[in-house]
Amino acid sequence: WVATMSVAAPGLQRVGGELKAVGGKGGYTFDVARNWLLVKGILTHPRVQAQWLFISNPLKDALLRHAETQGEPAELIERAKTVLWQPTDSSPHNDHLHLRVYCSREDVLEGCVNTGPVWAWVDTFEDARRARAKALARAFRDEDVAMKLKALAFLERIEGTLASPELSEVIASDPSAQVREEALALLARWGRLTPEVLRGLERLIRQPGPGLEVDDPGFTLAAQGGEVVQVAAAGPEWPGGLGGAAQEGEGRSAALLESAWRTLGVLGDEQATPLIQAGLGSRRVIGEPGRRGITEASLAAAAGRHVMDKRLIPPLIAALEREEPEVREAAAKTLSRIANRDVSDVRWGRKLKPEEQRRGVAAWQAWWREHQGEAREAWLLAGFREALGDGGKKGRKSKKGKASGGEEVRSLEGWDVVDALVPLTRREDHIGYNADRVIASITGRWSPREGSASARHARWQAWWKKNAPRLRSRGKR
């Protein structure tokens, strides 16, 4: 410890709950007063903004008690309670103080991006980022494709989502397919859907023109005449559109349309629900001459796999009545994820007999009539309880045929739920997917939405084994 060790101190000293060095010689103790001065100096610095000061819980408690006895301002003590933290995925930090700071204004303008939580008192210099993003967006008026690509690359560096109106125009009408593809890829990496970007995606998707083997005027022309309120022309900041912009539909390809739908799926935002609902009813086939097309409704169904919106259930059930197997299969997977169950034993991705298809659709319709008034949390709980009662694996009973913990899952909060759900993440189906999402929500830890179940399970199992004892000892989250 900088504030406690003499020059002769033999390296870092682990400090225990009694504020004394553990197993060390020399009788070192944790100097609460001087270490508080260090913490206070960091938290009140005029330019450096601290995100975390990692420290073990006993030492944190000692510092906070000292601050209260010294009559420190309540606001400063609350800030210290937030910033002082024992991390969940590394050592307890009982032998050093680990400082993490936010990006400075100068760093923000060169691409520094904050990760993790941003506290209410922190200046993130959004005004400076906004000004830089708007300046970069002027490059999209340039006819030079290389210049536009460089602007997109720098926008990614500074997380320039503040340039959403300009990106909306790029996506919808830039004359370069390469620029539009790069803009879509950038949006997918950002993982954020703004209303402006949604308008651009909808204009791109609904425009008439190239990229279709089979058109559906009812879906395409809706973008031209007022059925869809999201669709709009160039915004007020772009009264003339992009310099050299393509006419509606020009420069569009089947690949670009597929990318637009897949970008919506990656973003997983409920703002996209109306467009996905409309897409589920589309009869268009996306494709180019000489290649096998893709039914647009299947892309729309797949785009809903991360949009856990109950409003999608009726059109998804309707999609099960379609004749195209790929539409039914995609719709069934999304339905199961939203409902956290599969209510039929139909294999939707193959050719079906009419009576088998009717039976499967009727099963989903009956489930929806019974459960549509419930919150989705109830669906998640019901699915998890059923899975846990089945031994945590589909088709496998627990020992002696008894339930194995499902009845103990009463809510989606607290560490006991994490303990019950970690084994379920090994499953490849909707149960494994939803268990992963709930654990990520409870723990506040990021987890990729797609990936192998084995990798997902190994990651959570290792993290939970390491952190469960400490988290439980601190009480419910």
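What follows walks through the fold, the sheets, the cores and a handful of charged and aromatic residues in this structure.

The model is a predicted one. Its chain runs to 477 residues, and 49% of them count as buried. On the secondary-structure side, there are 21 helices and six strands. Sequence-distant contacts get a good share of the contact list: taking pairs at least 6 apart in sequence, 70% of the contacts join residues at least 24 apart.

The strands turn up in two open sheets. One of these has three strands in the order S2-S1-S3, with mixed pairing. Strand S2 (84-85) and strand S3 (98-101) sit at its edges, each pairing on one side only. Strand S1 (residues 50-54) and S2 run parallel and are joined by two bridges. Phe54 has Trp85 as its bridge partner in S2. Helix H1 (residues 32-43) packs on this sheet and touches S1, S2 and S3, with its direction at about 160° to that of S1.

The other open sheet also has three strands, ordered S4-S5-S6, and here the pairing is antiparallel. Strand S4 (212-214) and strand S6 (294-295) are its edges; each has a single partner strand, so one side of each goes without a neighbour in the sheet. Two bridges tie S4 to strand S5 (residues 285-286), the two running antiparallel. Val214 finds its bridge partner in S5 at Val285.

Next come the nonpolar cores. As a rule, nonpolar side chains in soluble globular proteins tend to be buried together. In this model the largest nonpolar core has 69 residues, and the members that touch the most others are Leu155, Trp261 and Leu264. A second core, separate from that one, has 26 residues, including Ala50, Phe54, Ala62 and Ala80. Phe54 in this second core is also the residue bridged to Trp85 in the sheet.

Trp379 makes a nice case of a buried aromatic. Trp379 sits in helix H18 (residues 376-389) and is buried, at a relative accessible area of just 2%. Leaving out residues up to four places away in sequence, Trp379 touches Lys310, Ile313, Ile338, Ala339, Asn340, Trp367, Trp368, His371, Gln372 and Glu374. Two other tryptophans, Trp367 and Trp368, are thus among the residues touching Trp379. There is also a C-alpha separation to note: Trp379 and Arg341 are 38 residues apart along the chain, yet their C-alpha atoms are separated by 8.0 Å.

Turning to charge, the structure holds 21 salt bridges. Three within helices are worth a look. In helix H3 (residues 74-83), Arg79 and Glu75 lie four residues apart, about one turn of the helix, and their side chains meet in a salt bridge at 3.7 Å, N to O. The two ends of this pair differ in burial: Arg79 is buried at 18% relative accessible area, while Glu75 is exposed at 59%.

Helix H5 (residues 126-137) supplies another pair, Asp127 and Arg130, which are three residues apart and so separated by about one helical turn. Their side chains form a salt bridge with an N to O distance of 3.1 Å. Asp127 is exposed, with a relative accessible area of 62%, whereas Arg130 comes in as partly exposed at 36%.

The last of the three is in helix H12 (residues 254-267), where Glu258 and Arg262 are four residues apart, again about one helical turn. The salt bridge between their side chains spans 3.0 Å, N to O. Here the acid is the buried partner, with Glu258 at 8% relative accessible area, and Arg262 is partly exposed at 45%.

Arg456 is the odd case to finish on. Arg456 belongs to helix H21 (residues 453-473). What is the nearest side chain of opposite charge to this buried residue? Asp436 is, but at 4.9 Å away, and Arg456 has no salt bridge. A salt bridge requires a nitrogen-to-oxygen distance within 4 Å, so the Asp436 side chain at 4.9 Å falls outside that cut-off. Arg456 still has company: not counting residues up to four places away in sequence, Arg456 touches Thr425, Arg427, Glu428, Gly432, Tyr433 and Asp436.

Notes: Residues numbered from 1 in each chain as written. Predicted model: local features only at pLDDT ≥ 70, side-chain atom pairs only at ≥ 80, totals over all residues. Heavy atoms only, no water. Buried < 20%, exposed > 50% of the residue type's maximum accessible area, 1.4 Å probe, protein only. Lys, Arg positive; Asp, Glu negative; His and termini not counted. Contact = heavy atoms within 4.5 Å. Pairing = 2+ DSSP bridges. Axes fitted to C-alpha atoms, helices over the stretch in contact; angles between N-to-C directions. Core = buried A, V, L, I, M, F, W, Y, C linked by side-chain atoms within 4.5 Å.
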